[in-house]
Amino acid sequence: MSKRIDVKDLNVYYGDFLAVEGVTMTIEPRSITALIGPSGCGKSTFLRTLNRMHEVIPGARVEGEAIMDGQNLYADDVDPVQVRRQVGMVFQRPNPFPTMSIAENVLAGVRLNNRRIKKSEAEDLVEDSLRGANLWNEVKDRLARPGSSLSGGQQQRLCIARAIAVRPEVLLMDEPASALDPISTLAIEDLMAELKDDYTIVIVTHNMQQAARVSDKTGFFNIAGTGKPGHLIEYDATDKMFSSPTMKETEDYISGRFG
Ligand SMILES: Nc1ncnc2c1ncn2[C@@H]1O[C@H](COP(=O)(O)OP(=O)(O)O)[C@@H](O)[C@H]1O
Ligand SMILES: [Mg+2]
């Protein structure tokens, strides 16, 4: 598990609109890469290109390469469904299937992949995934209750359990804690720190303290103005980005002198 992704000259379009231009970066395995920048600069758009979710929007397309361990995810012979299995995603709003039980929520992705699993195997997978998401102890006595019976923070960890149940290589998280209270936010941050031993993690966050706390590397995206494409301005070790960034634009943004 855990792979690196080499992004090369990536342009991302919605129809004729170039939303993100010319991104080149290496996302390291077993580490957390944070993407920061002002709203609308293309962080979510870029993130969704890493598991080919972008192209599910009509007219949306990508130019360039995203190479995961030697394989260009955008090569003609690559099946996007396989890419999404290897590169899981967690969204801003926890989105468990509300009427499905906690256990069935964990298994939902696996079932979607048409993998047939024995009952005992399913039970083990549910336990392993919930343990992996730091949720097992809180829910082990109520696995048959609906996913919607959990708190927001628990629901988000349930979604992480669902994502890791399919054994992905990479986990993409788009502002995974921004809808949560501070305690649940810390629980998610702790969990990310544990998961990075096994996964490549890319997180979008508008919270710079969070990026500084959890990530190893940080990429700063910016736009010159509305209607202009977003660019990756600077990408470096998180310590460096927050203490002595090279670009003035980064400095202005992290010190709050932006906009
Ligand atoms: N589904 C979509 N169709 C057309 N344009 C979109 C869509 N989603 C986002 N955009 C545009 O792409 C740009 C980048 O948006 P987004 O990736 O959501 O930025 P961020 O996540 O950094 O706030 C914005 O101009 C936004 O309006
Ligand atoms: Mg976004």
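Helices here are DSSP runs of at least four residues, numbered from the N terminus. With that in hand, a tour of this predicted model can begin.

The secondary structure of the chain consists of ten helices and ten strands. A compact globule of 259 residues would have a radius of gyration near 18 Å, and the chain agrees, with 18 Å. Along the principal axes, its C-alpha atoms occupy a box of roughly 55 × 45 × 30 Å. Of the 259 residues, 43% count as buried. Contacts often reach far along the sequence: among those between residues at least 6 apart, 68% join residues at least 24 apart.

Helix H4 is a good place to look in detail. This helix, residues 119-132, has 14 residues and reaches 20 Å from its first C-alpha to its last, close to the 20 Å expected at 1.5 Å a residue. Its buried residues are Leu125, Val126, Ser129, Leu130 and Gly132. Viewed down the axis of H4, they fall within an arc of 155 degrees, so they line one face of the helix. They pack against helix H3 (102-112), helix H5 (136-139) and helix H6 (152-165). Ser120 and Asp124, on the other side of H4, are exposed. Just after the helix, asparagine 134 adopts a positive phi of about 55 degrees.

The model also holds a ligand. Around ligand 1 lie Tyr14, Ala19, Gly37, Ser39, Gly40, Cys41, Gly42, Lys43, Ser44, Thr45 and Ile57. By character, this shell divides into four nonpolar residues, six polar and one charged. Helix H1 (residues 43-49) supplies the largest share of the shell, with three residues.

How values were computed: Residues are numbered from 1 along each chain as its sequence is written. Chains are lettered from A and ligands numbered from 1 in the order in which they are written. This is a predicted model: local features need pLDDT of at least 70, side-chain atom pairs count only at pLDDT 80 or more; totals for chains, interfaces and linings use all residues. A residue is near a molecule or strand if its C-beta atom, placed from the backbone, lies within 6 Å of it. Helices (H or I, at least four residues) and strands (E, at least two) are DSSP runs, numbered from the N terminus. Ala, Val, Leu, Ile, Met, Phe, Trp, Tyr, Cys and Pro count as nonpolar, Asp, Glu, Lys and Arg as charged, and the others, Gly among them, as polar. The radius of gyration is taken over C-alpha atoms; the globule rule is 2.2 Å times the number of residues to the power 0.38. A residue is buried if 20 or more other C-beta atoms lie within 10 Å of its own, exposed if 12 or fewer, and partly exposed in between; C-beta atoms are placed from the backbone. Two residues are in contact if their C-beta atoms, placed from the backbone, lie within 7 Å. The expected span of a helix is 1.5 Å times one less than its number of residues. The arc is that of the directions from the helix axis to the C-beta atoms.
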